[in-house]
Amino acid sequence: MNTFVTKSLTEHNIKPTFPRMKIYEYLMEHKNHPSVDSVYQELVEEIPTLSRTTVYNTLHLFLERGLVQPILINENEVRYDGDTTVHGHFMCRECGVIHDIFFQDLNLDDASLDGFQVEQKQVYYNGVCPQCK
Ligand SMILES: [Zn+2]
Ligand SMILES: [Zn+2]
């Protein structure tokens with residue numbers, strides 16, 4: 001894991017400091033699309049010197065360098081996804097968990113995108129997950 005983490009950070013021009021490595025490792029091991037706050041809560045026990053600002057700045061740096069993608073479906077907070085491949089999300093309105101969803105073809109009418117430069121794609125569903133139903 002450590003070699004993979006160091007390599008990914010370095011490849012994205014990010015100096016692999018200990019907190020950055022831990023935060024990226026957390027994102028790789030947990031596909032729960034965490035917020036700044038939940039990453040902080042999960043890691044502060046292991047890294048007592050960690051602050052919310054460090055987590056925020058680190059995730060922001062990861063975003064800038066394309067190492068993570070943002071999920072902007074909750075108006076109150078950004079959630080972060082360590083999986084940067086194109087996939088969709090389903091948020092449960094009961095438990096708030098964001099699940100990955102996968103699709104083959106969006107059946108977009110290409111003509112409607114004529115002249116636009118696409119920089120990000122987000123596919124978002126919401127409803128109730130099987131556990132909460
Ligand atoms: Zn649920
Ligand atoms: Zn995802």
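A residue is taken as buried if 20 or more other C-beta atoms lie within 10 Å of its own, as exposed if 12 or fewer do, and as partly exposed in between, with C-beta atoms placed from the backbone. Helices (H or I, at least four residues) and strands (E, at least two) are DSSP runs numbered from the N terminus. The model is predicted, and local features need pLDDT of at least 70, side-chain atom pairs count only at pLDDT 80 or more, and totals for chains, interfaces and linings use all residues. Residues are numbered from 1 along each chain as its sequence is written.

The protein has four helices and five strands, in the order α-α-α-α-β-β-β-β-β along the sequence. Its C-alpha atoms fill a box of roughly 50 × 40 × 25 Å along the principal axes. Of the 133 residues, 17% are buried.

Helix α2 makes a good place to look more closely. Its buried residues are Arg-20, Ile-23, Tyr-24 and Leu-27. They lie on the same side of α2 because they cover an arc of only 95 degrees around the axis, the arc being that of the directions from the helix axis to the C-beta atoms. In general, an α-helix has 3.6 residues a turn, so residues three or four places apart point the same way. The face of α2 turned away from the buried side carries the exposed residues Phe-18 and Glu-29. Among the elements covering the buried residues of α2 are α1 (2-11), α3 (36-43), α4 (52-64) and β2 (77-81).

Lys-121 sits in the loop between β4 (98-101) and β5 (124-127). Lys-121 counts as exposed because it has 11 C-beta neighbours inside 10 Å.

Methods. Chains are lettered from A and ligands numbered from 1 in the order in which they are written. Two residues are in contact if their C-beta atoms, placed from the backbone, lie within 7 Å.
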